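Reader: I'm used to gels and assays rather than models. Could you walk me through how to read a protein's domains and its core?

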Amino acid sequence: MARSTAGVITLNVNGEKHTLPVDHRTTLLDALRERLDLTGTKKGCDQGQCGACTVLLDGRRSLSCLHLAVAAEGQEITTIEGVAEGDRLHPVQEAFLDLDGYQCGYCTPGQICSAIAVIEEHAAGWPSAATADVRPEAGPPPLTAEEIRERMSGNLCRCGAYVSIVRAVARAAAETGARTTNEGAA
Ligand code: FES
Ligand code: FES
């Protein structure tokens, strides 16, 4: 007897619970876009290479095109639609707007979700491949442009808005008290 590949799951997205029948092979990206009409999360490559589909799962970055919807049950899923607080934009959103951190905007939801997590990862002391001193006692490194570029390297921008994206991330990080440098903010 053939086994069913469908089931009913409950996803907690942006603080709201959604119960929906899905094929178990449905990606989180397709569930968000096609089933919940949350089209802010973009599909770029659909194979884990571009970062356009980045969302936050329990506050950590995740590529929703590589994550099955069933595997996201029980996690807090935050998409670009959920990062603002009511009418108040998230500081990362404001920085992208003020500093033109985009051109066509297709990669922007993923860039913003990624940047939100980058700032938290950095504040928590997570090193990156660009961090010179990775000893725990060294604390978070200054969030230089090099650090930001490395930490955001999973998010591609076909318009090449990288210079402004780095500036926007540096400004938003500085607003949260991160140690930046002139290089990062320049
Ligand atoms: S659409 Fe997921 S990484 Fe490109
Ligand atoms: S702003 Fe167009 S792809 Fe990044």
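Author: Happily! Let's begin with spacing: in this predicted model, the C-alpha centres of domain 1 and domain 2 lie 23 Å apart.

Reader: Which residues does each domain cover?

Author: The domain assignment gives 6-82 for domain 1 and 91-185 for domain 2.

Reader: How many residues of each domain are in contact with the other?

Author: For contact, look for C-beta atoms within 7 Å. Here, 14 residues of domain 1 are in contact with 13 residues of domain 2. On the domain 1 side, the elements giving two or more residues are β3 (54-57) and β4 (60-63). The largest share, three residues, comes from β3.

Reader: What classes of residue does that side of domain 1 have?

Author: The side of domain 1 that touches domain 2 has six nonpolar, five polar and three charged residues.

Reader: And how should I read a nonpolar core?

Author: In soluble globular proteins, nonpolar side chains tend to be buried together. In this model, the largest nonpolar core has 46 residues, and Ala115, Ile116, Val169 and Ala172 touch the most other members. Elements that give two or more residues to this core include β1 (6-13), α1 (28-35), α3 (108-123) and α5 (162-175). Both domains take part: domain 1 and domain 2 each supply at least three residues to this core.

Reader: Let's zoom in, then. Which residues is alanine 172 in contact with, leaving aside its neighbours within four places in sequence?

Author: With those neighbours left aside, alanine 172 is in contact with Pro91, Val92, Ala95, Ala115 and Ile119.

How values were computed
Residues are numbered from 1 along each chain as its sequence is written. Chains are lettered from A and ligands numbered from 1 in the order in which they are written. This is a predicted model: local features need pLDDT of at least 70, side-chain atom pairs count only at pLDDT 80 or more; totals for chains, interfaces and linings use all residues. Domain bounds come from an automatic or database domain assignment. Two residues are in contact if their C-beta atoms, placed from the backbone, lie within 7 Å. Helices (H or I, at least four residues) and strands (E, at least two) are DSSP runs, numbered from the N terminus. Ala, Val, Leu, Ile, Met, Phe, Trp, Tyr, Cys and Pro count as nonpolar, Asp, Glu, Lys and Arg as charged, and the others, Gly among them, as polar. A nonpolar core is a set of buried Ala, Val, Leu, Ile, Met, Phe, Trp, Tyr and Cys residues joined through C-beta atoms within 7 Å. A residue is buried if 20 or more other C-beta atoms lie within 10 Å of its own, exposed if 12 or fewer, and partly exposed in between; C-beta atoms are placed from the backbone.
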